[in-house]
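Q: I would like a close look at a single part of this model, taken slowly and with the terms spelled out. Please pick one helix and tell me what surrounds it.

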Amino acid sequence: MLNSFLFTYFNLPVMAEYFPMILEGFVLTVELAVAIVLSGILAGLLLAVLRSFRVRVLNFFIVIFVDVLRALPPLVIIILFYFALPSVGVRMSGFAATWLSLSLVLTAFAEEIFWAGILAVPKGQWEAARSTGMSFLQTLGAVVLPQAVRITIPPLTNRTIAITKGTALGAVVAVGEILNQAQTGLSHSYNPSPLTLGALAYLVLFIPVVILGRWVETRFAWKR
Amino acid sequence: MEQIIQGFFNIEIVVAALPFLLRGLALTVLLCLVVIPLGIFGGLALALVSTARSFLVKGLVAAYVDFFRAFPPLVLLIFIYFGVPFLGIDLHAFTAVTIGFFLNTSSYYGEIFRAGIESIPRGQREAARSTGLTSVQTLVFVIVPQATRNVIPDLVSNTLEVVKLTSIASVVALPELLYAARQAQSITYNATPIIFAGIIYLACLWPLVRLLSRFEHKKVALH
């Protein structure tokens with residue numbers, strides 16, 4: 001009984017055979033995740049900064065953008081980019097579709113979080129900085145953002161972790177990340193050990209990240 | 001422009017695909033009605049168990065929570081749907097989705113409830129116990145109601161995520177909204193059903209997003 005269980009889920013020869021494939025997927029997952037985190041957080045910060053200029057028309061569009069991307073399931077956005085856009089002549093690879101979709105989703109969430117952080121900085125800070133002769137941008141960059149970013153770290157970390165886990169959705173549009181490689185391995189070997197290996201790869205990748213998230217939450221907790 | 005209307009907003013296709021999409025929506029709603037209460041009760045149970053004094057119990061709950069939060073939900077679902085049948089157990093897609101979602105969402109809800117329970121001052125428990133309530137009564141009548149109220153925004157936010165997450169059930173061929181849209185697209189060779197499914201998600205979830213936004217701004221204003 002135990003033997004057949006091990007043979008099915010922890011079949012060492014099968015695992016050894018598909019290890020290089022899973023490793024390739026691992027590298028691709030990391031690349032995809034890093035690309036998403038960088039572009040998503042930067043774009044989110046940029047939008048929050050733009051929003052602090054309080055241009056009414058612009059802010060209206062920012063709010064619409066953020067709301068739409070928070071309301072749509074990421075998989076729907078990926079499928080839209082990958083399967084729907086070609087019908088108007090826009091084609092992109094699965095990697096590009098996944099990167100773009102998840103970056104946009106992260107942008108929306110990051111913008112909301114940064115904006116909440118900016119609002120949380122007391123008005124007196126703005127006024128004091130401006131009265132010393134600093135310009136609007138100097139105040140924002142040197143006084144407000146450093147304080148705002150500190151309180152945004154815990155929610156931003158958690159949201160970023162949740163969205164990077166979405167890289168697995170790339171499997172649906174043929175991105176050769178961990179899950180896709182594991183599924184290919186499963187269908188070639190007719191043994192679920194590649195899936196086990198894939199699951200282990202995710203644990204190796206995300207357990208440290210989840211623990212980091214917990215640590216960040218206590219380390220940067222809002223002092224009341 | 002003509003091409004965009006033909007390809008994305010084709011009225012004839014909407015009319016033809018609508019019954020299909022609505023059936024998908026019905027299944028999405030059903031799925032939500034099953035997985036959300038399960039996840040909430042599972043999470044509450046986890047949080048209550050983690051109030052135990054035993055470090056072993058606390059450690060086990062934390063390990064469960066971190067383990068299932070480390071897996072992308074889709075990976076969990078694929079593992080259950082394609083991996084478990086090798087044990088000789090036949091799993092319906094709906095069952096696989098329910099199990100996968102339970103493992104994933106109960107850990108998230110569990111973390112939220114735990115934070116809520118920890119936010120209640122010790123004095124509340126001591127006061128309740130000193131009036132003669134048992135420890136179970138204290139939890140049920142004093143701690144949990146206050147804890148829940150404190151974390152309502154997080155609960156709503158997580159529930160929104162769960163509703164959105166149901167779209168991954170399409171990967172294991174459960175004919176919910178996204179799956180129905182993909183089917184309709186491949187039958188009609190037209191992307192309109194997918195756009196329309198997106199609009200349906202948007203129409204259902206936008207009010208929730210607005211509500212959350214309001215919660216978030218209120219939280220900031222309190223500081």
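A: Here is a tour of one helix, starting with its chain and moving on to its partners.

A word on conventions first: this is a predicted model, in which local features need pLDDT of at least 70 and side-chain atom pairs count only at pLDDT 80 or more, while totals for chains, interfaces and linings use all residues. Residues are numbered from 1 along each chain as its sequence is written, and chains are lettered from A and ligands numbered from 1 in the order in which they are written.

The part to follow is helix 9 of chain A, residues 193-219. Chain A has 9 helices and 0 strands (helices, H or I and at least four residues, and strands, E and at least two, are DSSP runs numbered from the N terminus). Its elements therefore read α-α-α-α-α-α-α-α-α from the N terminus on. The radius of gyration of chain A is 22 Å, well over the 17 Å that the globule rule gives for 224 residues, so chain A is more spread out than a compact globule (the radius is taken over C-alpha atoms, and the rule is 2.2 Å times the number of residues to the power 0.38). The C-alpha trace of chain A spans about 75 × 45 × 25 Å along its principal axes. Of the 224 residues in chain A, 44% are buried (buried means 20 or more other C-beta atoms within 10 Å of a residue's own, exposed means 12 or fewer, and partly exposed lies in between, with C-beta atoms placed from the backbone). Among contacts in chain A between residues at least 6 apart in sequence, 78% join residues at least 24 apart (two residues are in contact if their C-beta atoms, placed from the backbone, lie within 7 Å).

Now to the neighbours of our helix. Two packed helices are described by the angle between their axes and the distance between the axes. Take helix 2 of chain A, residues 12-52: its axis and that of helix 9 of chain A come within 9 Å and cross at roughly 40 degrees (axes are lines fitted to C-alpha atoms, for helices over the stretch in contact, and angles run from 0 to 180 degrees between N-to-C directions). That makes helix 2 of chain A oblique to helix 9 of chain A (under 35 degrees counts as roughly parallel, over 145 as roughly antiparallel, 65 to 115 as roughly perpendicular and the rest as oblique). The crossing of these two is right-handed (left-handed if the near helix is turned anticlockwise from the far one by less than a right angle, right-handed if clockwise). Among the residues of helix 2 that take part are A:Tyr18, A:Phe19, A:Ile22 and A:Phe26, and they face a group from helix 9 that includes A:Pro194, A:Leu197, A:Ala201 and A:Leu205. By class, this contact has 10 nonpolar, 3 polar and no charged residues (Ala, Val, Leu, Ile, Met, Phe, Trp, Tyr, Cys and Pro count as nonpolar, Asp, Glu, Lys and Arg as charged, and the others, Gly among them, as polar).

A:Leu205 deserves a pause. This residue of helix 9 of chain A counts as partly exposed, with 19 C-beta neighbours inside 10 Å. A:Leu205 lies 22 residues from A:Gln183 in sequence and 18 Å from it in space, C-alpha to C-alpha.

Helix 7 of chain A, residues 136-164, is another partner: its axis and that of helix 9 of chain A come within 9 Å and cross at roughly 165 degrees. So helix 7 of chain A is roughly antiparallel to helix 9 of chain A. This time the crossing is left-handed. On the helix 7 side are A:Ile153, A:Pro154, A:Thr157, A:Asn158 and A:Ile161, which meet A:Val209, A:Val210, A:Gly213, A:Val216 and A:Glu217 in helix 9 of chain A. Those residues divide into 6 nonpolar, 3 polar and 1 charged.

Finally, our helix also faces the other chain. The contact between the chains takes 37 residues from chain A and 38 residues from chain B. Helices 3 (56-71), 4 (74-84), 5 (94-120), 8 (178-189) and 9 (193-219) of chain A each give two or more residues to it. Helix 9 of chain A supplies the largest share of the chain A side, 9 residues. That whole side has 28 nonpolar, 5 polar and 4 charged residues. Across the contact, chain B has 10 helices and 0 strands, and 38% of its 223 residues are buried.
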